[in-house]
Every structure is written in C-alpha cells, then in structure tokens.
Amino acid sequence: MKVAVTGIGAVGAFGTGRASLEAVLALGAPAKTAAGRPAPDSRRGWSASPPLLAAAQDLSEWVPQPQARRMSAPSRMAVAAARQALHDAGLPRTGPDSEVPAGVVMSTSWGSAHYTERILDQIRREGPEFVSPFYFTECVANAAAAQVALSLGARGPNITVAQREAGVVLALARGAREIAAGRASVVLAGAADEMTPTLHMILARFGALSLSSDGVARPFDRGRDGLLAAEGATVVVLEPLEAARRRGARVLARVETWGCGFDPTAGPVSWGRETRLLGTRAARSLSSADGPLDAIVSGASGSPSGDRAEASFLQGLKAALGLPVLPPVLAPKGATGEYGGFHVGAAVAAAAGAPVAPPAGFSAPDAELGVEPHRGSLPRCPRRVLVSSCASGGAAAWAVLSGETA
Amino acid sequence: MPRRVVVTGIGAVSAAGWGVGPLLEALRSGRPLAGSITRFDASRHRTRIAAEVPPAPAAVAAAIPGWRRLSRSDRYAVAAAREALVRAGRFPRGSGPEMGVFFGTSTAGMPECERFHERLQAGAFAPVALLRSQEANGPGDAVARDVGAAGPVESVSSACSSGALALRAALEAIRDGEAAVALAGGSDALCELTHAGFNALRSVDAAPCRPFEEQRAGLTIGEGAAVLVLESEDEAERRGAPVLAEVLGAGASCDAHHMTAPHPQGAGAARAIRAALFDALRDPGDVTWINAHATATPQNELSEWKAIEDVFGARAAAIPVVATKSLTGHLLGAAGAIEALATVDSLVTGMLHPAPEGGLIDPRAPAALVRGGALRLGDVGGRSWVALSTSLAFGGSNAAVLFGAAARAAGV
Amino acid sequence: MTDETTLRSRIKRLIVESLHLDGVDPAGIADEAPLFGEGGLGLDSVDALELVVALEKDFGLRIASNEVGRDTFASVGSLARFVGGKLPLAQSASRRG
C-alpha cells in the first residue's frame, strides 16, 4: 500500500502549526520577529547559546486545560502537534473515525526531562516515599505517545522509538510501515522533546552546543561549533494514498521508501568512521524510489563531528548513485535547532514545495566536507527529497518523500 | 507467503546469573528469584525486594571490550547478545551489514543518571561520562557496536511492551529481507526512580509477586537482559544452524483508555492478540499455551483475563497459562524478551515452567496457571505447539507474539 | 473556625495545589461533593495516589495502600474525617519517637 503524508503539526519556538514552521524555514534562522520570538519561560540559567524554547506556549486551543492538567511538556506539545496535523489533513481533531484503528509512532530523546529531574530531586530531598505518581507516569519515554493515543482514541499500534537525532526519521519510517502493511488506517508519527537548564548544561559539557552569542547554528559551515538546542514536537499524518485520494485530501507527499543502518565504529556519544557506507546503503533503498532526487534534507545541525558524518553519508550516497554532483542540500536545523523532530516536518514541507532558505549562519564552506547548503531557490516544485539523519552512537535513518502539492 | 523466521540462539542475564543456563534452571524448577534490594538503600521505599542481577563473573567482564565504560543495562545487553550469537554459531564472525539489532528498554542508563544527579545535588563533581548511554537507544546501540552490526538498528521504549515490540520489528525486518539476521531483545537495570515510581502508584507487592492469585498485591521489579537471534529459515538451513523455535507472528495495539489502568474489558489486549494471530495466519484454536503478561497487579490480570476470554471463548479456562514474572520479576523493557526466551525453551523441551505454589486463584480470572510443578505438553494431534506471549504496557501499548515449535527440534 | 473546618480548608487547598486544578477555587469545593468520577471534580485513581502523597507530606501521616479506598476518598468531608482520625496517633507517635 502506498503511503501519503496529508498533514503536519508542530510546536516550537517558531510558534505552532505548519505555517509558522514554514515561515521559519523560509527565513533560514530562528525567528526574531514578534510573531516568532522564543516563548518567554521562567527557567533561567542557560549556559552557551540559549535554547529555542517552546513549552510555555499557550496550547489551550489544541489541548484544553482539563486534559493538559496531568501532561508533561512533551506530552502537551505532542498532543497539540498531533491535533494540528489532523486539522491540517482535514481530519477530525478528536481523532480519525475508522474501523481500522489509528496508530501512533513517536520518538523522544529524554522524554520529560523536567519531571525526571523533579523525581530525582524528590528522592534526594524529601525521600523516595514522597515521589509523585503524576511525575512518574509522565517521565516514561512512551508518555507522549500514550497521551496522543488517549486524546485521539487511537487504538492501533503504539510505539515509541529512540535513536537520538535519527529517532524522528525512524518514527516516520516505522509509521509508514504500519500503513503500508495495512495495520493502521492513519498513523500520527513524529517526535517530542523538552529542554531543561540541567539538560542544556549537560549538552554544553559534552561540547555539543554552539557557543556563539548570536544564537545561530552553522550547519556545514567551516566555523561551525555546535548545535542549537531546541524543544518542541512535530507530528505528521500518514495514511494510505488511496484512502487519502478517496476522501479528497490534499496530499503533501508520498513516502516512497525508507531505510536505516548503523556504523559500529561509533562511540556512545560520537560518530564513527564508516558513515559513508551508510550512504551506500541508502543508495540501495533509492532503487525503489520512483525517480531522481531533487533535494536532500540533511540532519546537519552545526555539530563539528555530526555534520562531518552527515557529509560523509552524502558522499557515500553520491558515489553509489554515480551522481556527478549532489542534489541541492538543505539544512533546516539552522532555522529550527536540534530536538523536537522538526526536520521531518521540514522535509515534508520541502517536498510539497515550501521554500527552505540556506542556514543564515552559513558563511564559508568546509572543504573537508565537500558539502554545502544550497543557495537560491530550488528548481522543481513539488520535489522528491531524501531526508536523512546520522545520530551520535552510530544509527542512521533515511526516507524518500515525493511531493504532490505546490 | 512471508519468509519463515526462526530462532537460532538465545542469551540472558538475570537474577539467576549471567547466562541462559542459570535462568533456565530457575525457570524449569519454578524457583522465584527476588531477594532483598542491595543496589540502593531501600529502607525508605515502601517495598524492599527485587530480582537483582548478581555481580558479573570476572571472565564476562574481561571478554567485553570497554566494559568499564558501559552502563549496567548496556552490560547486560552485550553479554546476553554475545551468548545468543555464540549459541547460534555466529560469533565472532557473521555480523556486518546483514545484521540488525532491535532492542527494548525502559530504564536504559537511569542508574548512572541517578548517580550523576546525586553528585550534582551534593555540589560534588559530576562527570558527564555517566550519561554517555542514558537514552533508550543505549543498550541496543551498545550491542550493535560490540557485535559489529551495520544493518537496521532500532530501539523501542514503550514501557512493558518494549521487548515484544522489538521482536515484532525484528520479525518484520527478516521477512522483508532488510536483514539476514537480527538480534532481538531487551535490557533493563534496576534503578531507584523506577522503583520509587511504581511504589508511588502502589503497584508493588512487598512480597514476591503472585500472578493470578486472589490475594495478589502488585508486581516485583526485576532486571536483566534477554536476546534472541532471529534469521530466515532458509538462512538457518543454509548454515546448518540449530533451530530452536519459529516466530510465527506479532501484533500491536493501544488501549487508549487511561495512562496507567488497563482497559477493563481487555479490549486493547484482545486486539493485539488477534493482530498476532492474523499476522501468523493462525486461529485461536491453534494456541497451545499462553505466556501471560501477568504482572500480579490487581487490575492487570482482570483485564488480561477478559481479553483471553474474548479471544479464546469457552477454551479460555483450559489453556495452560505460564506466569514467568512469578519467577523473574517484571523486567519492564526486557520483559517481552525474557518471556520470549522462556517460551522458546518450553517449545524445545515440551515442558511449561511452573509458578510457585500459592493461594487461591482469583475466581474472576480463573486461568489454568501452571504452578507447583512443570507441566509436560501433550500431543496436539499432529500439529505443532504454538505459544502466545502477551505484553501489556503502562500507557496502554500492547504487543503479542506467537511462537511455534521448530519443524526439527534442536537441543538447548 | 473550628479544627474541623480548618482541616477541610487545608485539604481543599491541598487538592487544588497537588492536582494542578488551575482555576478551581478551593473554597468553592463543597464538603460532601464527590471527588471522583463524573459529576464531581472528575478525579481518577492517579489523582487519588497523588493526593495520598500530598496528605502524607503535609500532615506527616503514613497511609497504607488498603486505606486508599472509595469511601475514604469519596469527598473532602470523608477525607477530613479520615485524616482527623489519624492525626492524634501521628502526633503521639512523634512525641514518643
């Protein structure tokens, strides 16, 4: 069964909904205007470049207070993004009505870091007998997926995948599988992440964060020095292409193919030496795509070694496909930051024809990489794009999206 | 017809010890593994027992490169994975791009994270190295790096259904030809947060758990890892590998009812079981026994029983039910994996593992619980044995996996 | 204000705070109104457990699992009677200890 993407929902520093995600993608940088200003948040004490926060946004239109009462930030943002995605797809916000149940596949890196920290704090300061049941039920990794299913009555497969930066692409692939195999009528697939001052400090101590004071990450740039942390949620609606057409839905893109692999030379928090081979593996997946690629939506985030891995992956892909040059490479994390799953939303939007500006922070290519972000507009519209992500720890995942609507 | 997928190796780390041997000895003799918690100070927790893994034998630690840098759940995972590959005849060669790893966990690197936060709060130096393998991809990635897997590597963290969902993903990968061999399993390490959390929900029994008993009072947390080597039947035949059992099918669903309580009519569980049967092209009448989720919380068995009745009808009360958690405790993210391993063992030996003798069975969930002594499986009239393993998670995610006896039995 | 009234007010405040019932005025919760299920505050089993932790912390009590029941937790009134009954014991225990 062919798989269609019919809606995008997102909650991030850029605001909520597909239009605000697309606005920041067209800008190529985190929005600084009033409309897209990072939401005010009472948590202070950020080290390195302040993260792009989203959790304090008013989501009451999508998640009314009685339901939000017991949700952690990732759950709340995931439910809001899921409902937005359904709305974008022209489906009921309360959940699709079908005999075949709807599925949910979400990815997260740390679940509710905030509630986890609170519990650890409670154990130390007050004693283990005073741990909050609320916090515990919400700090399991599958809380967001469970809350999405609960809020939508989604009774199909409910799966939470974890693969760091590549998690959201894996979630897309897993969701597409469930649709292709006829095991769900609709799948809400995406990611939800929350950033806390402690987590931010930990990332800084791992050397992962950009230290630049202008708050901009520089994917593929020679002077890149780290990623820009973000939080938020992205959800896309997946359904059988035929069903989407039958109900007259506007199809954003088809998910043509997908794949994943691993570089065992990686370390637990680093990338390995054989990411190139994963590009070769991805090229094999492409034999089942219906045509050449118009663009690549890379997971490059501004991380010195992460972007090197992403570039190496693309070099392997190019060589295996026998291409003289790579298709235009887009690096949306320059606008959205890392975490929150936005780059799958960006990939679907790009496939459907939305403009994706090069990262505003990019100034000089890194000769060692042989890859730089595309400047200027993209030639075709809609487009066939490859979305890829190489995670620290060794995993990589990719999918091919073929746009349908301008 | 989809490719047939078989199990060619098993590996485990549990409270019984490091290796499949001690685990099977405990399971076959029905010896419960819970004891006093030593991992952390449990004096202020409501309950004080768990099924803890004993310290690793020196030989195991010495054989695994980078042992010191691995988190606890990584260590359990890597040790179990190596054992499984050795038993399958695929170690140390036989990995690479054709091998995938599909792993489930819930706690991952949380014990190390707890140490980090403790130091942070005490104002002491807190090394971030403790958080290297904190997220749920930790154990699966550690296995992939250790064995040199370059194929699909996916980690699932859907609470108690993680292990079963990992098996489901591995089954699909082999069927679709995305990997020629897959390590499917789970790993979980006891941590204070999880223990305190389940106690906050008043879900933990102060005594070793008593699945299906009327007086049951909650779960017993366990830790460890279990790994199964899955490959296509053709591949196993080609290399003359031992075939322990077949993975017939898998199904998944969600209750979408409540964040902690299961659906009272077991509707989600029934849907997952039916999806597994459909995937395996089998009927309820084909199932010889059920390895139930059976956490021993008051609500789980009621809900699970309704699902069993719904699917199996009049047969329900006659189908033998195995409650592995009565022996191993609840391994959370690894539960589905260790229960799959237990199921494979029974398919090889034809003997079902007994829960300890205990009090009256709950008349509202009158399962034919195997207990007191092992139950020898009878002849099923020329068909082969089929076992159903259910995993019904916190948050409502359900998974069910069906296993069948190998066409040619192999020894364990 | 009698001790009983103070106790009930304190419990109402605890309910609103510990269960994140934003926008609910503690004074507006009727003493005998049902806390759980439809028609009352709509609380559920996890709320009950959260409330148990809050009561234990705030009043210095220990509440056993078998004391967490529908009757005890039916309303603010029944909770106040339950807590009131345990308080002298807790106080005398701390005097002895």
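Here is a short chat about strand β15 of chain B and the contact between chains B and A.

Student: Before we start, what kind of model is this?

Tutor: Residues are numbered from 1 along each chain as its sequence is written, chains are lettered from A and ligands numbered from 1 in the order written, and side-chain values use heavy atoms, leaving out hydrogens and water. Local features need pLDDT of at least 70, side-chain atom pairs count only at pLDDT 80 or more, and totals for chains, interfaces and linings use all residues, since this is a predicted model.

Student: Is β15(B) mostly covered or mostly uncovered, and how many of its residues are buried?

Tutor: Strands here are DSSP E runs of at least two residues, and helices are H or I runs of at least four, numbered from the N terminus. Buried means under 20% relative accessible area (1.4 Å probe, protein chains only), with exposed over 50% and partly exposed in between. V386(B) and L388(B) are among the buried residues on one side, and A387(B) is one of those on the other. So β15(B), residues 386–392, is mostly covered, with buried residues numbering seven of seven.

Student: Which strand runs antiparallel to β15(B)?

Tutor: Strands pair if DSSP finds at least two bridges between them. V386(B) has G404(B) as its bridge partner, and a hairpin with four residues in between includes G395(B), with a positive phi of about 90°. Seven bridges make the antiparallel link, to β16(B).

Student: Which residue of chain A meets R44(B) in a salt bridge?

Tutor: A salt bridge needs a Lys or Arg side-chain nitrogen within 4 Å of an Asp or Glu carboxyl oxygen. The rule finds eleven across the interface of chains B and A. For R44(B), at 3.2 Å (N to O), the partner is E129(A).
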